[in-house]
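Please take a moment with the sequence and the three-dimensional structure before reading on, and keep both in view as you go.

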Amino acid sequence: MQISVKVAKAIERRRVFVVDDNESFRAAIEFMLHDEYEAHELASASETLAKAEQIRPDLLVLAEGVIRVNGLDLIQEFLARVPETKIIVIVDQISSGFGQECVAEGAHGFLAKPLQIGLLRDKVDALLSARKKSGTTPRAVLNLR
């Protein structure tokens, strides 16, 4: 099933890794993105780092739980190993402030649950489009809420 797919994106197939230990949530995000992006589901940080060495992701969608288990320095580790990759964190509650902590550690933005398909796609599009056009991503544009 395709949900309003833009032809240019379907042809381009930017690679997104969805990282969450919750299989259902991971599958839901992958489903929201798979029509326009090459989306991969991964259950752990170690699995993600190993796969990133084989095929480079353009974007990591990291669940709050994965970061909490591994520590905030996980963001810096991903950026050190795959510096061209952008990172969005999915937080459980916007009021917790964890999204801002992740941005302070180097994440390019965050979104809070419950996710809306349109908002998720818009944020992913903005992040990957900014990277493609300029090669750099201004933080002010990508401090996602």
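The paragraphs below go from the chain as a whole to single helices, and then to the contacts between side chains.

What you are looking at is a predicted model, and it is helpful to begin with its overall plan. The protein chain is built from eight helices and five strands, and if you follow these along the sequence you meet them in the pattern α-β-α-β-α-β-α-α-β-α-β-α-α. The chain has 145 residues, and 47% of them count as buried. On the outside, the protein chain exposes about 7000 Å², with carbon and sulfur atoms supplying 51% of that area. When contacts between residues at least 6 apart in sequence are considered, 66% of them join residues that are at least 24 apart.

A helix can show how burial is arranged, and α2 is a good place to start. The residues buried in α2 are Phe25, Arg26, Ile29, Glu30, Met32 and Leu33. Viewed down the axis of α2, these buried residues fall within an arc of 160 degrees, and therefore they line one face of the helix. The exposed residues Glu23 and Ser24 are carried on the face of α2 that is turned away from this buried side.

Helix α5 can be read in a similar way. Its buried residues are Leu74, Ile75, Phe78 and Leu79, and because they cover an arc of only 140 degrees around the axis, they sit on the same side of α5. On the other side of α5, Asp73 and Ala80 are exposed. What do the buried residues of α5 pack against? Their partners are the helices α3, α4 and α6 together with the strands β3 and β4.

A single residue of α3 lets us look at packing in finer detail. Alanine 45 lies in helix α3, and with a relative accessible area of 5% it is buried. If its neighbours within four places in sequence are left aside, alanine 45 is in contact with Val19, Val66, Asn70, Leu74 and Phe78. Of these partners, Leu74 and Phe78 belong to the buried residues of α5. Alanine 45 and valine 66, for their part, are 21 residues apart in sequence, while their C-alpha atoms are 6.8 Å apart in space.

We can now turn to charged side chains, for the structure holds nine salt bridges. One of them joins glutamate 41 and arginine 26, with 3.4 Å from N to O. Glutamate 41 lies in strand β2 and arginine 26 in helix α2, so this pair ties together parts of the chain that are 15 residues apart in sequence. How exposed is each partner of this pair? Glutamate 41 counts as partly exposed at 32% relative accessibility, whereas arginine 26 counts as buried at 10%.

Another salt bridge returns us to α5, where glutamate 77 is paired with arginine 81 and the closest N and O atoms are 3.3 Å apart. Because glutamate 77 and arginine 81 are four residues apart in helix α5, about one helical turn separates them. Both count as partly exposed, glutamate 77 at 32% relative accessibility and arginine 81 at 38%. Glu77 and Arg81 are also linked with Glu53 in a network of salt bridges.

A further salt bridge is formed by the side chains of aspartate 92 and lysine 113, at 3.1 Å from N to O. Aspartate 92 lies in the loop between β4 and α6 and lysine 113 in the loop between β5 and α7, so the pair ties together parts that are 21 residues apart in sequence. Aspartate 92 is partly exposed, with a relative accessible area of 40%, and lysine 113 is partly exposed as well, at 31% relative accessibility.

Lysine 113 also leads to the aromatic rings, since it lies over the face of phenylalanine 25, at 4.2 Å from the ring centre. Phenylalanine 25 has already appeared here as Phe25, one of the buried residues of α2. In another such arrangement, the charged end of arginine 68 sits over the ring of phenylalanine 98, 3.9 Å from the centre of that ring. As for rings pairing with one another, a search of the whole structure finds zero aromatic pairs.

Definitions and conventions
Residues numbered from 1 in each chain as written. Predicted model: local features only at pLDDT ≥ 70, side-chain atom pairs only at ≥ 80, totals over all residues. Heavy atoms only, no water. Phe/Tyr/Trp six-rings, centres within 6.5 Å; stacked < 30°, edge-to-face > 60°. Lys NZ or Arg CZ within 6 Å of the ring centre and 35° of its normal. Salt bridge = Lys/Arg side-chain N within 4 Å of Asp/Glu carboxyl O. Helix = DSSP H or I, 4+ residues; strand = E, 2+ residues; numbered from the N terminus. Buried < 20%, exposed > 50% of the residue type's maximum accessible area, 1.4 Å probe, protein only. Arc of directions from axis to C-beta. Contact = heavy atoms within 4.5 Å. Areas by Shrake-Rupley, 256 points an atom, 1.4 Å probe, with all protein chains shown as cover.
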